[in-house]
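Fancy a few warm-up problems on a two-chain model? Grab a pencil and keep the viewer open.

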Amino acid sequence: MAVNRKLITKIVIHLILISTLIVVAFPIYYALVMATHTHQDAYAFPPKLTPGKELFSNIKEAWQRVKMATLLKNSLIIAITVSIGKITFSILAAFAFTHFKFKGSWLLFPLAMVTQMMPLPVRVIPLYRMMAQLGWLNTYWALTVPYLASTTGIILFRQFYLTVPAELADAARVDGATPMQYLRRILLPLSWTNVAALLVIEFVYMWNEYLWPNIAITASNMRVAQMGLRMLYTSERGAAEWNIIMAGTLIIMLPPLIILILFRKQFSEGIAMQTTK
Amino acid sequence: MDRFPNHRFLPYALVFPSITVIAIFLIYPFGQAIYQSFHRINPVRRQLVYVGWRNYVEMFRSPEYLYSFRNTFIFAVLVIGLGLVISLCIALLTTQNIRGAGFYQVAFVWTYAMSPIIAGVMWSLIFDPSIGLMTHVIGNLTGYWINFFNDTVAAFILVTVASIWVMLGYNIVFFIAGLQNVPHELKEAASIDGATTWQVFWVVTFPMLSPTVAFLVFVNTVYAFFQSFGLVDVVTMGGPNRSTEFLIYKIYKDGFGRMQEGQAAAQSVVLFIIIAIVGAIQIYTSTKSAVYDR
């Protein structure tokens with residue numbers, strides 16, 4: 001009897017998980033199906049839930065309609081620049097906070113708190129003025145520089161560097177290595193999991209940013225992917241061309257998805273490391 | 001701590017890039033926002049005029065603002081409450097001792113890569129007034145045909161469902177990480193002592209999970225108050241009848257659409273205070289729970 005009950009529990013768990021998964025995955029599936037139909041078939045009744053044959057022509061149409069190449073290029077540039085910049089800045093600062101004694105090292109936590117509570121939307125109006133004065137509107141500067149500091153990143157690397165045995169640094173010092181040599185040759189190679197985890201977090205974040213680009217960018221050659229999505233979506237209100245919209249959506253959601261899938265393991269491990277503290 | 005005592009200057013150089021960006025692009029503009037919130041722009045002479053607390057007083061007297069505040073609050077509570085409960089349930093099930101647990105843990109992660117706008121676009125297809133599946137299901141069951149272009153409740157539900165959906169991946173990853181940190185021996189000890197599964201969860205698992213919960217409440221609050229902007233701007237444009245005009249959307253409209261910078265700055269300061277309170281609770285919870293660390 002006891003064995004049976006355990007088995008039944010397991011079957012029930014599987015059933016719940018599978019049905020939840022179907023519900024959660026359905027919007028993507030439906031979007032995918034829509035992207036393969038003609039405009040007419042997209043409005044067929046009852047709705048067609050199996051793929052059609054128009055995927056490539058829809059993608060081509062969406063690609064041309066919003067100048068997809070420019071959008072993807074801009075989003076890639078800002079997402080990669082900000083990811084690399086943030087990771088570099090975070091590693092340097094975390095190294096300072098864990099390996100040196102210096103005046104002002106107490107600043108870490110107050111600063112972390114302050115930056116956490118001042119997300120960009122809270123300061124968007126003065127920031128806009130500042131960018132206008134600097135002449136940075138409609139440039140990559142506006143889309144990258146304000147994002148470069150990340151206390152999330154500093155804390156993530158700090159947690160990890162605190163677990164690295166002190167003997168490593170001592171041995172390096174005795175062998176005559178400078179701090180920067182120690183950082184580059186010993187600490188950095190140990191940090192790849194965190195680097196990959198932060199890369200996923202920052203890339204996804206920047207790729208999906210919308211509020212600030214929407215304010216800082218008006219020139220069509222500087223638009224980012226999320227803005228293109230809005231253009232596709234709002235161009236045909238009422239009688240939406242769902243096949244074209246969804247074809248565009250699929251293209252735009254792909255880059256962050258690929259990064260997440262590639263570094264999925266490191267991402268989960270990095271997060272597990274962060275929650276253990 | 002001090003592993004390279006002969007390098008006095010280096011640590012300052014190492015923190016310099018981060019501190020500079022934080023000072024110039026975070027703290028300074030925020031100071032400006034506070035300053036602006038006590039001023040208004042004189043449209044004739046195009047200069048700032050000091051108005052004291054007027055922006056704040058008028059803001060809290062404005063029915064429009066209070067309506068936006070109320071709707072944002074309801075939205076946030078639904079996104080945080082429902083979102084976290086659903087994610088925790090899924091995370092709990094995927095960490096049970098079942099075959100394919102690893103598969104499930106991965107299978108739910110990917111909504112993390114979706115942007116709020118993508119979530120909005122996908123769910124607005126499902127809620128589409130003419131071909132949306134949800135529209136047809138509800139219509140056939142109740143005889144009521146929803147249309148989120150002019151139905152305030154439908155628009156609100158659409159925005160909420162899309163938000164919960166898009167946050168699922170992130171929440172589940174963190175819950176799984178948190179659950180895997182709960183020592184097995186503790187749960188076993190409790191069940192040997194005769195505790196039911198339910199009791200083990202509330203007495204052992206949940207308290208150890210509280211820093212994760214507090215962290216996720218904070219992140220989801222930030223989502224509900226700020227990140228939802230894209231979703232609202234693209235799908236509902238704050239409508240119908242302002243029902244989805246959340247606080248951040250209103251700041252955007254007042255600050256950039258109506259050029260009322262002072263009024264919008266005052267709204268930003270209020271948003272900061274809300275986030276600061278939630279953030280302080282999170283930090284308090286995660287330091288208090290250090291007791292459980294050992």
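Below are five exercises on this predicted model, each with a worked solution.

**Exercise 1. Describe the overall build of chain A.**

Start with secondary structure: chain A has 15 helices and zero strands. Next, try the globule test. A compact globule of 277 residues would have a radius of gyration near 19 Å, but the value for chain A is 24 Å. Then look at the box along the principal axes: the C-alpha atoms of chain A fill roughly 75 × 75 × 30 Å. For burial, 45% of the 277 residues in chain A come out as buried. Finally, check the contacts between residues at least 6 apart in sequence: in chain A, 78% of them join residues at least 24 apart.

**Exercise 2. Work out how the two domains of chain A meet.**

First get the bounds: the domain assignment gives domain 1 as 2–59 and domain 2 as 67–276. The C-alpha centres of these two domains of chain A are 33 Å apart. Now count the contact: eleven residues of domain 1 of chain A meet nine residues of domain 2 of chain A. On the domain 1 side, α1 (2–34), α2 (39–42) and α3 (55–65) of chain A each give two or more residues. The largest share there, three residues, belongs to α1(A). Sorted by class, that side of domain 1 holds six nonpolar, four polar and one charged residues.

**Exercise 3. Decide whether helix α13 of chain A is enclosed or open, then place Gln226(A).**

Go through the helix, residues 225–234, one residue at a time. Ala225(A), Gln226(A), Met227(A), Gly228(A), Leu229(A), Arg230(A), Leu232(A) and Tyr233(A) are buried. That makes eight of the ten residues of α13(A), so the helix is largely enclosed by the rest of the structure.

Now zoom in on Gln226(A), which sits in this helix. Burial takes 20 or more other C-beta atoms within 10 Å; Gln226(A) has 23 C-beta neighbours inside 10 Å, so it counts as buried. Who are its partners? Leaving out residues up to four places away in sequence, Gln226(A) touches Asn208(A), Glu209(A) and Tyr210(A), plus Ser115(B), Ile117(B) and Gly230(B) from chain B. As for Asp41(A), 185 residues away along the chain, its C-alpha atom is 27 Å from that of Gln226(A).

**Exercise 4. Take apart the chain B side of the contact between the chains.**

Begin with the head count: 74 residues come from chain B and 72 from chain A. Several helices of chain B supply at least two residues each, including α1 (10–37), α3 (63–94) and α7 (152–180). The largest share, 17 residues, comes from α1(B). By class, the chain B side has 55 nonpolar, 16 polar and three charged residues.

For a single example, pick Pro29(B), which is found in α1(B). With 24 other C-beta atoms within 10 Å, Pro29(B) is buried. Setting aside neighbours within four places in sequence, Pro29(B) is in contact with Arg123(A), Pro126(A), Leu127(A) and Met130(A).

**Exercise 5. Compare helix α9 of chain B with a straight helix, and find its kink.**

Take the ideal case first: a straight helix of 40 residues would span 58 Å at 1.5 Å a residue. Then take the model: α9(B), residues 197–236, spans only 43 Å between its end C-alpha atoms. Walk along α9(B) and you'll meet a kink of about 50 degrees at Phe206(B), shortly before the proline Pro207(B). One last stop, just after α9(B): Met237(B) takes a positive phi of about 50 degrees.

Conventions. Residues are numbered from 1 along each chain as its sequence is written. Chains are lettered from A and ligands numbered from 1 in the order in which they are written. This is a predicted model: local features need pLDDT of at least 70, side-chain atom pairs count only at pLDDT 80 or more; totals for chains, interfaces and linings use all residues. Helices (H or I, at least four residues) and strands (E, at least two) are DSSP runs, numbered from the N terminus. The expected span of a helix is 1.5 Å times one less than its number of residues. The bend at a residue is the angle between axes fitted to the seven residues ending there and the seven starting there. A residue is buried if 20 or more other C-beta atoms lie within 10 Å of its own, exposed if 12 or fewer, and partly exposed in between; C-beta atoms are placed from the backbone. Two residues are in contact if their C-beta atoms, placed from the backbone, lie within 7 Å. Ala, Val, Leu, Ile, Met, Phe, Trp, Tyr, Cys and Pro count as nonpolar, Asp, Glu, Lys and Arg as charged, and the others, Gly among them, as polar. Domain bounds come from an automatic or database domain assignment. The radius of gyration is taken over C-alpha atoms; the globule rule is 2.2 Å times the number of residues to the power 0.38.
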